[in-house]
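Welcome to a short tour of a protein model. Keep the sequence and the 3D view side by side as you read, and look up each residue when it is mentioned.

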Amino acid sequence: MTANGWLQFVIYSLVLLLTVRPVGLYLARVLEGGRTWLDPLLRPCERLIYKLCGVHADQEMNWREYAFAMLGFRPQAWY
């Protein structure tokens, strides 16, 4: 491995180690339904998308709805 390769590896590792804790705390807060500093910017966009798609954020899917959603999702080949 060249010196440039090692330098890139070290920089990547440092950036990864420095961002693990803040990103983890942010994700934990989001998944628990807490408020984050991005809420004023992203919440209106999320509400608009939910409204356009007919999604009710306060309502959970039952197993049949989930099964039909999984069967209806079919990834397309990009080649």
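Not counting residues up to four places away in sequence, which residues does Asp39 touch? With those neighbours set aside, Asp39 touches Gly34 and Pro44. We will come back to this residue below, after a look at the model as a whole.

## How confident is the model?

What you see is a predicted model. Across the protein chain the pLDDT averages 90, and 96% of the residues score at least 70.

Confidence can also be followed helix by helix. In the protein chain, helix H1 (residues 3-31) has the highest confidence, at a mean of 96, while the lowest is in helix H3 (residues 63-72), at 89. A general point to keep in mind is that predicted coordinates should not be read in detail where pLDDT is low.

## Around the loop between H1 and H2

Start with Thr36, which sits in the loop between H1 and helix H2 (39-53). Is Thr36 buried or exposed? Its relative accessible area is 7%, and buried means under 20%, so Thr36 counts as buried. If you leave aside neighbours within four places in sequence, Thr36 is in contact with Tyr26, Arg29 and Val30.

Gly34 belongs to the loop between H1 and H2 too. With a relative accessibility of 28%, Gly34 is partly exposed. Setting aside neighbours within four places in sequence, its contacts are Arg29 and Asp39. You can also try a distance here: Gly34 and Ala57 are 23 residues apart in sequence, and their C-alpha atoms are 14 Å apart in space.

Now back to Asp39, which is part of helix H2. Asp39 is buried, because its relative accessible area of 11% falls under 20%.

## The largest pocket

Rolling a probe the size of a water molecule over the atoms shows where empty space is left. In this model, the largest pocket has a volume of about 190 Å³. Which residues line the largest pocket? They are Tyr26, Val30, Gly33, Gly34, Thr36, Leu38, Asp39, Leu42, Arg43 and Glu46. You have already met Gly34, Thr36 and Asp39, and here they are again in the lining.

H1 and H2 each supply at least two residues of this lining. H2 gives the most, with four residues. By chemical character, the lining residues divide into four nonpolar, three polar and three charged.

## An aromatic pair in H1

How many aromatic pairs are counted in this model? The count comes to one. The pair is formed by Trp6 and Phe9, whose ring centres are 6.0 Å apart. Their planes meet at 85°, and over 60 degrees counts as edge-to-face, so that is the name for this pair.

Both residues are in helix H1, and because they are three residues apart there, about one helical turn separates them. Trp6 is partly exposed, at 49% relative accessibility, and Phe9 is partly exposed as well, with a relative accessible area of 47%.

## A long measure across the chain

One more residue of helix H1 is worth finding: Val10. Val10 has a relative accessible area of 42%, so it counts as partly exposed. From C-alpha to C-alpha, Val10 and Ala67 are 44 Å apart in space, with their positions 57 residues apart in sequence when you count from one to the other.

Methods. Residues numbered from 1 in each chain as written. Predicted model: local features only at pLDDT ≥ 70, side-chain atom pairs only at ≥ 80, totals over all residues. Heavy atoms only, no water. pLDDT = per-residue confidence, 0-100. Buried < 20%, exposed > 50% of the residue type's maximum accessible area, 1.4 Å probe, protein only. Contact = heavy atoms within 4.5 Å. 1 Å grid on protein atoms, 1.4 Å probe; cavity = no way out; pocket = protein on both sides within 12 Å on 5 of 7 lines; lining within 4 Å. Points joined across faces, edges and corners; volume = space filled by probe spheres on them. Nonpolar A, V, L, I, M, F, W, Y, C, P; charged D, E, K, R; others polar. Phe/Tyr/Trp six-rings, centres within 6.5 Å; stacked < 30°, edge-to-face > 60°.
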